[in-house]
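Got your viewer open? Load the model, pick a cartoon view with side chains on demand, and follow along stop by stop.

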Amino acid sequence: MRERDQRRPADPRLPTVEFLILSAQCHAQRLGVDPIVKYTALSLFADRFCASLSRSEEGNAIQHWLLQPIRESNLQFFSLVSIWISSKIHLSQPLSVKTLKSWGDRSITEQHFTTRDFSEGEVVFLQMLDFEIGSASDAFMFLEQLYIQFKEVAAVGKLLSFEACMDVMDLLYEKEDMTRLYRSPRPLAASILVCSYLMTVPKQSLEFPILAWGTISCSSYCHFIFSTIVSSFRNQIVTGLSLNMVYLNHKI
């Protein structure tokens, strides 16, 4: 490995999450993975690996040069490793290490990582997670299920954009104060669907009791998470509703 910079940003997690989202995009020059691969990688990396990394810094850290010291470039590397692992979980033909290295060479500017580094990094990543990589409780999987259910029970379901749901989920991952919400994936999924509905469905079609349905489908905790998300995305919701604040203030 050839070092290029020794700096570590004050808060490296957020730009690394943005890097992961960018890397996963369907683009000729990027990795172009399926949404389920992207969101499982985000769950593995942002929800679990970074949390484990914070705990390890307090003691009992895994001794490996990829973790000592941790810089933004190292975190970018491990975000690519998380995509690689996720592709092995969900794809019959997972990403090759050659593909990952090629993208890493173009996108990680501070360090250069070899194919051997990726193989070692996969083991280190799994060790940090205690080899627990189950993804059955990811918010994205619940969101897909709720989206399908919503389209079955409500005629306005066809007006809801699933791409908008994914955009909201991406934005939440990029907000550090929102990461705690991912500990409750099902209520979070319902809340994301509700907010996406409010932002994208035309005002004149807002007749379905979406918040009540989301609460019944998940739990009363959905209302708390929904209120938390709305407080963060109120401007976008107001724009989408064309100043339909009466509805929002009544529901929250």
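Start by selecting Leu 75, which is buried, because its relative accessible area is 3% and the cut-off for buried is under 20%. Colour helix α3 as well, since that's where Leu 75 sits. Now add Arg 13 to your selection: Leu 75 and Arg 13 are 62 residues apart in sequence, yet their C-alpha atoms are 7.6 Å apart in space. Keep in mind as you go that this is a predicted model.

**Next stop: Trp 103**

Select Trp 103 and you'll land in helix α4, residues 97-107. Is Trp 103 buried or exposed? Trp 103 counts as buried, with 8% relative accessibility. Then show Gln 29, which is 74 residues from Trp 103 in sequence, while the two are 7.8 Å apart from C-alpha to C-alpha.

Which residues does Trp 103 touch, leaving aside neighbours within four places in sequence? Show Phe 19, Ser 23, Gln 29, Arg 30, Leu 31 and Leu 80 as sticks, and you have the contacts of Trp 103 beyond those neighbours.

**Zoom out for a moment**

Switch to cartoon and trace the whole chain. You should find 11 helices and two strands. In sequence order the pattern runs β-α-α-α-α-β-α-α-α-α-α-α-α. How much of the protein is buried? Out of 252 residues, 52% are buried.

Long-range links show up in the totals too: take the contacts between residues at least 6 apart in sequence, and 76% of them join residues at least 24 apart. If you turn on the surface, you're looking at about 11900 Å² of accessible area, with 52% of that belonging to carbon and sulfur atoms.

**Hunt for the rings**

Time to show the aromatic side chains. How many aromatic pairs does a search of the whole structure find? The search turns up 11.

Select Phe 49 and Phe 78 to see one pair: the ring centres are 4.9 Å apart and the planes are at 35°, so this pair is tilted. Phe 49 belongs to helix α2 and Phe 78 to helix α3 (residues 72-90), so the pair ties together parts 29 residues apart in sequence. Phe 49 is buried at 0% relative accessible area, and Phe 78 is buried at 0% too.

Now move to Tyr 147 and Phe 162, another tilted pair, with 4.9 Å from centre to centre and 50° between the planes. Here helix α6 (residues 139-153) holds Tyr 147 and helix α7 holds Phe 162, so the pair ties together parts 15 residues apart in sequence. Both Tyr 147 and Phe 162 are buried.

Before you leave the rings, select Phe 45, Phe 49, Phe 77, Phe 78, Phe 113, Phe 118 and Phe 125 together; they form one aromatic cluster.

**Last stop: a pocket**

Go back to the surface view and look for the second largest pocket, with a volume of about 180 Å³. To find it, select its lining: Ala 24, Gln 25, Cys 26, Val 33, Asp 34, Pro 35, Lys 38, Tyr 39, Glu 163, Met 166, Asp 167 and Asp 170. The elements giving two or more residues to this lining are α2 (35-56) and α7 (162-173). Which element gives the largest share of the lining? That's α7, with four residues.

Finish by colouring the lining by residue type: you'll get six nonpolar, one polar and five charged.

Key
Residues are numbered from 1 along each chain as its sequence is written. This is a predicted model: local features need pLDDT of at least 70, side-chain atom pairs count only at pLDDT 80 or more; totals for chains, interfaces and linings use all residues. Side-chain values use heavy atoms; hydrogens and water are left out. Buried means under 20% relative accessible area, exposed over 50%, partly exposed in between (1.4 Å probe, protein chains only). Contact means heavy atoms within 4.5 Å. Accessible areas come from the Shrake-Rupley method with a 1.4 Å probe; for residues, only the protein chains shown count as cover. On a 1 Å grid over the protein atoms alone, a cavity is a set of points where a 1.4 Å probe fits but cannot get out, and a pocket is an open set with protein on both sides within 12 Å along at least five of seven lines; lining residues have an atom within 4 Å of a point. Grid points are joined across faces, edges and corners, and a volume is the space filled by probe spheres set on the points. Ala, Val, Leu, Ile, Met, Phe, Trp, Tyr, Cys and Pro count as nonpolar, Asp, Glu, Lys and Arg as charged, and the others, Gly among them, as polar. Rings of Phe, Tyr and Trp (its six-membered ring) pair if their centres lie within 6.5 Å; planes under 30 degrees apart count as stacked, over 60 as edge-to-face and the rest as tilted.
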